[in-house]
Amino acid sequence: MTSVLIIAELDGNQLNPSTAKCVTCAAELGADSIDVLILAEDCTAAAGAAAELAGVTRVRTVTAPHNATPLAAVFAPQVVALAADYGYVLAPSTTFGKDLLPRVAAILGVGQVSDIMSVLGPRTFTRPVYAGNAILTVEVPAGKTIVGTVRTASWRDAPTGGNAPVEPAEVTAELPTHTRYIGLAGQSSERPDLQSAKTVISGGRGVGSAENFELVFQLADKIGAGVGASRAAVDAGYVPNDMQVGQTGKIIAPELYVAIGISGAIQHLTGIKDAGTIVAINKDPEAPIFEIADYGLVGDLFEIVPELEQKLG
Amino acid sequence: MDKILVGVKRVVDYNVRIRVKPDNTGVVTDGVKMSVNPFDEIAIEEALRLREAGKASEVVVVSIGNAECQQQLRTGLAMGADRAIHVESAAEIDSLAAARAFKAVIEREGADLVILGKQAIDDDCNQTGQMLAALWERPQATFASKLEIDGTTARVTREIDAGLETIEVDLPAVVTTDLRLNEPRYVKLPDIMKAKKKPLEVIAIDELGIELEPQVQAQRWDTPPARGKGTMVGSVDELISALKSKGLVS
Ligand SMILES: Cc1cc2nc3c(=O)[nH]c(=O)nc-3n(C[C@H](O)[C@H](O)[C@H](O)COP(=O)(O)OP(=O)(O)OC[C@H]3O[C@@H](n4cnc5c(N)ncnc54)[C@H](O)[C@@H]3O)c2cc1C
Ligand SMILES: Nc1ncnc2c1ncn2[C@@H]1O[C@H](COP(=O)(O)O)[C@@H](O)[C@H]1O
């Protein structure tokens, strides 16, 4: 008998869409059951959403004030306390899962499979290495709990239509006080979330300034797109860090990706390889971005972007 | 603070175009430029700045790997680290074994702060720091873009998907670096000469008495499928009509 435990990620009290991707990955493991674990101060909304995901057997909740913010040092012992009953422990490969899951694995004394792209067998997986320039097949030896993060860009959302029971879980774990949450400087935005948007428009160093980035935002708003950026644009202070796309930023898979004034360094490309269609706008015909773009347009972004905005929508 | 330990991993330079070996047993590293993992360079820089600000007295760089990783330790020494420890291992080790090795080094050396990179750009695992913190039963502050030490605590700003999160941790602790923590200094020629005289201790990994068996076994490497070659369009109108025909814009 094998069973899967998925650690849900929350945005405030709401279920983050990455959890639905983990359910799709879990369904390929051939396990007998898939449980979703919610750790929060108020689990109601997220548990309700998780219960509706098709394929989920049971939703388990740990409601406590100390779970109000996701501190890995506080979450890990609670996950470990429940992990003994499971053959697999999964979480999304977002900063939430990347922070938490290795801590869980080490306490369990096992390794972790990072960024699961595909399931080749119950213990065999593929994952990207070298910024996605090679795909590595890994196997976890029998007899060990498999702990893994799920590369969200590789998986579809599990459909809704399920009706799993929601049950509080009893957890006995000693929780550390050595780590304290201070706050989040978030840029709450009305725009579609970068990681789940159908269309994403990104700007790079070529955009030139924070003021000029308005052009990118205007185009995005006209067509309801999420907005991303290259590392160079973030480093230069045009936009905040949570907009960075790439090896060390967000890995995304929108249906349409538009790169504006981005040269196409491998570290950026690895974040967009799973996009359906890639459009590149760059004044340099030799820019590497054109090697992977489905549609390339050579020219000055300060002419092209306003024209696009005017003619679209 | 007395001592800061810094992880230094030898990796294929980030500018190298990666090629998978024809027999799928790895990627080509013969004749390829090797460097300090970029996140570890940032880790060294941060430790040096803390020492220069009088917040720490010693910076020790640690690398686990074959004899060649001493080159990267020498780079760390040239940047300004005081000493180096080379944990010699002929075999490749995984993140859990690396975390165990760091824990064993901490037990010998003591440490008030350990700074590692958030990920090694070869395996892209993003695990070792978190695993070390778990084994050491100490706090972790991953993906740091700002680090302030105040007596026995550290205040760390973390780059997370939702923005910038700040946490406070008691020392000793493990911090892992993100790209915007600092800009590493350039190494000057005289510093390279000086680095040759700095102490570099070699410890055989077997001496550490840790379990090394890889928990996640690498089986084969493949080249990712290439995206098909696209087309160049000549105007905005042409682009819009192409996107419309695919139903991508209305
Ligand atoms: C360890 C590591 C991790 C990294 N992780 C990431 C990551 O996650 N994401 C990421 O993006 N990068 C990452 N990088 C950085 C990456 O290597 C590149 O430096 C970065 O992506 C370059 O950003 P850019 O394309 O915006 O800037 P540039 O390379 O400077 O390109 C700017 C482009 O704009 C074009 N341009 C300029 N003006 C105009 C105009 N008026 N009209 C049209 N085009 C114009 C230019 O022709 C040029 O091609 C990482 C690097 C390292 C070492
Ligand atoms: N063999 C090693 N030698 C030195 N440091 C290492 C080694 N492996 C991992 N690290 C450290 O752990 C960080 C994260 O590595 P990883 O978990 O492999 O992505 C690196 O940036 C290094 O600081």
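## Exercises: two ligands and two chains

Helix 6 (231–235), helix 7 (266–269) and helix 9 (301–311) of chain A, along with helix 1 of chain B, each give at least two residues to the shell around ligand 1. Keep in mind that this is a predicted model. Let's work through it together.

**Exercise 1.** Find where ligand 1 lies and describe the residues that surround ligand 1.

*Solution.*
Step 1. Start with the position: ligand 1 sits between chains A and B.
Step 2. Next, look at the shell. There are 30 residues around ligand 1, and the closest are A:R205, A:S230, A:V245, A:S263 and A:N282.
Step 3. Sort the shell by class: 11 residues are nonpolar, 14 are polar and five are charged.
Step 4. Now look for polar contacts, which are pairs of N or O atoms within 3.5 Å. A polar side-chain atom of A:S230 is 2.5 Å from an oxygen atom of ligand 1. For A:N282, a polar side-chain atom lies 2.7 Å from an oxygen atom of the ligand. A:R231 uses its backbone instead: one of its backbone N or O atoms is 2.9 Å from an oxygen atom of ligand 1.
Step 5. Finish with the cover. On its own, ligand 1 exposes 990 Å², and the protein buries 85% of that.

**Exercise 2.** Which residues are closest to ligand 2, and how much of ligand 2 does the protein bury?

*Solution.*
Step 1. Ligand 2 is surrounded by 20 residues, with B:D40, B:I64, B:A120, B:N126 and B:T128 the closest.
Step 2. By class, this shell holds eight nonpolar, nine polar and three charged residues.
Step 3. Check the atoms. B:D40 places a polar side-chain atom 2.6 Å from an oxygen atom of ligand 2. A polar backbone atom of B:I64 is 2.8 Å from a nitrogen atom of the ligand, and a polar backbone atom of B:A120 is 2.8 Å from an oxygen atom of the ligand.
Step 4. Taken alone, ligand 2 exposes 480 Å², of which the protein buries 97%.
Step 5. Trace the shell back to chain B: strand 4 (58–65), helix 3 (95–109) and strand 6 (113–117) each give two or more residues.

**Exercise 3.** Is helix 1 of chain B mostly covered or mostly uncovered?

*Solution.*
Step 1. Locate the helix: residues 38–52 of chain B, 15 in number.
Step 2. Check its length. From first C-alpha to last, helix 1 reaches 21 Å, close to the 21 Å expected at 1.5 Å a residue.
Step 3. Apply the cut-off: buried means under 20% relative accessible area. By this rule 11 of the 15 residues are buried, and the helix is mostly covered.
Step 4. Name some of them: the buried residues include B:F39, B:D40, B:I42 and B:L50. You have already met B:D40 among the residues closest to ligand 2.
Step 5. See what comes after: helix 1 is followed by B:G54, which has a positive phi, near 80°.

**Exercise 4.** Why can the radius of gyration of chain A be said to agree with a compact globule?

*Solution.*
Step 1. A compact globule with 313 residues would have a radius of gyration near 20 Å; chain A has 21 Å, so the two agree.
Step 2. Add the outline: the C-alpha trace of chain A spans about 60 × 40 × 40 Å along its principal axes.
Step 3. Add the cover: 59% of the residues of chain A count as buried.
Step 4. Complete the picture with the secondary structure of chain A, nine helices and 18 strands.

Definitions and conventions: Residues numbered from 1 in each chain as written. Chains lettered and ligands numbered in written order. Predicted model: local features only at pLDDT ≥ 70, side-chain atom pairs only at ≥ 80, totals over all residues. Heavy atoms only, no water. Near = heavy atom within 4 Å. Polar contact = N/O pair within 3.5 Å; in protein donor to acceptor, adjacent residues only side chain to side chain. Areas by Shrake-Rupley, 256 points an atom, 1.4 Å probe, with all protein chains shown as cover. Helix = DSSP H or I, 4+ residues; strand = E, 2+ residues; numbered from the N terminus. Nonpolar A, V, L, I, M, F, W, Y, C, P; charged D, E, K, R; others polar. Expected span 1.5 Å × (residues − 1). Buried < 20%, exposed > 50% of the residue type's maximum accessible area, 1.4 Å probe, protein only. Rg over C-alpha atoms; globule rule 2.2 N^0.38 Å.
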